Amino acid sequence: MVVHGAQIQDRDGARQVLSGCREQFPRLTHIWADGGYAGQLQDWAQQAGGWTLEIVEKPKDQKGFSVLPRRWVVERTLAWIGRNRRLAKEYDLLPQTSQTWIYLAMTRLMLNRLAT
């Protein structure tokens, strides 16, 4: 996981995240992404790690809100993280501090689920 400043474009931040994934997740082959990640990032992902980057797009005839496949997973996870008071707002100056709090929040969530 990588936490970076808001001044970094999402596509550039995705390269930072994916750069460390090959060693950490050697079996990773397929990645779902939002429409904002289309373009050169797909080619880069294929060359850098042999990953297939699938863009989840909304149907052309869609009007209003509808749940898109696989995209809700990210939104659900962000909602779980946001339930932690420390992560509900951005108080930290360093991205590393935010990253550590996210690790703690997700560890707590997983431990609670294992305990039940």
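Which residues is A14 in contact with, leaving aside its neighbours within four places in sequence? In this predicted model, the residues that meet this condition are Y37 and L41.

**Overall architecture**

The protein chain contains six helices and two strands, and these elements, read along the sequence, follow the pattern α-α-β-α-β-α-α-α. The C-alpha trace spans about 35 × 35 × 35 Å along its principal axes. Of the 116 residues in the protein chain, 20% are buried, and among contacts between residues at least 6 apart in sequence, 38% join residues at least 24 apart. The area that the protein chain exposes comes to about 9,100 Å², of which carbon and sulfur atoms supply 55%.

**A14 and its surroundings**

A14 has its place in helix α1, which covers residues 10-19. Its relative accessibility is 14%, and because buried means under 20% relative accessible area, A14 counts as buried. Besides the contacts with Y37 and L41, a further spatial relation can be given for A33, which is 19 residues from A14 in sequence, while the C-alpha atoms of A14 and A33 are 9.8 Å apart in space.

**Charge and surface patches**

The protein chain carries 16 positive and 11 negative side chains, and the centres of these two sets lie 8 Å apart. A positive surface patch is formed by four arginines, namely R70, R76, R83 and R113. Within this patch, R83 belongs to the loop that runs between α4 (71-82) and α5 (85-88). A nonpolar surface patch of about 390 Å² is made, in turn, by F65, V67 and W72; of these residues, F65 is found in the loop between β2 (52-55) and α4.

The three residues whose accessibility is discussed here are set out below.

| Residue | Relative accessible area | State |
|---|---|---|
| A14 | 14% | buried |
| R83 | 69% | exposed |
| F65 | 75% | exposed |

Why does R83 count as exposed? With a relative accessible area of 69%, R83 is exposed because the term applies over 50%. The same reasoning holds for F65, which is exposed because its relative accessible area of 75% is likewise over 50%. R83 thus contributes to the positive patch from a loop position, and F65 contributes to the nonpolar patch from the loop between β2 and α4, whereas A14 is a buried residue of helix α1.

Note on methods: Residues are numbered from 1 along each chain as its sequence is written. This is a predicted model: local features need pLDDT of at least 70, side-chain atom pairs count only at pLDDT 80 or more; totals for chains, interfaces and linings use all residues. Side-chain values use heavy atoms; hydrogens and water are left out. Patches are made of residues with over 30% relative accessible area and no salt bridge: like charges are joined within 9 Å, nonpolar side chains (Val, Leu, Ile, Met, Phe, Trp, Tyr) within 5 Å. Accessible areas come from the Shrake-Rupley method with a 1.4 Å probe; for residues, only the protein chains shown count as cover. A salt bridge is a side-chain nitrogen of Lys or Arg within 4 Å of a carboxyl oxygen of Asp or Glu. Lys and Arg count as positive and Asp and Glu as negative; His and the chain ends are not counted. The place of a charge is taken as NZ of Lys, CZ of Arg, CG of Asp or CD of Glu. Helices (H or I, at least four residues) and strands (E, at least two) are DSSP runs, numbered from the N terminus. Buried means under 20% relative accessible area, exposed over 50%, partly exposed in between (1.4 Å probe, protein chains only). Contact means heavy atoms within 4.5 Å.
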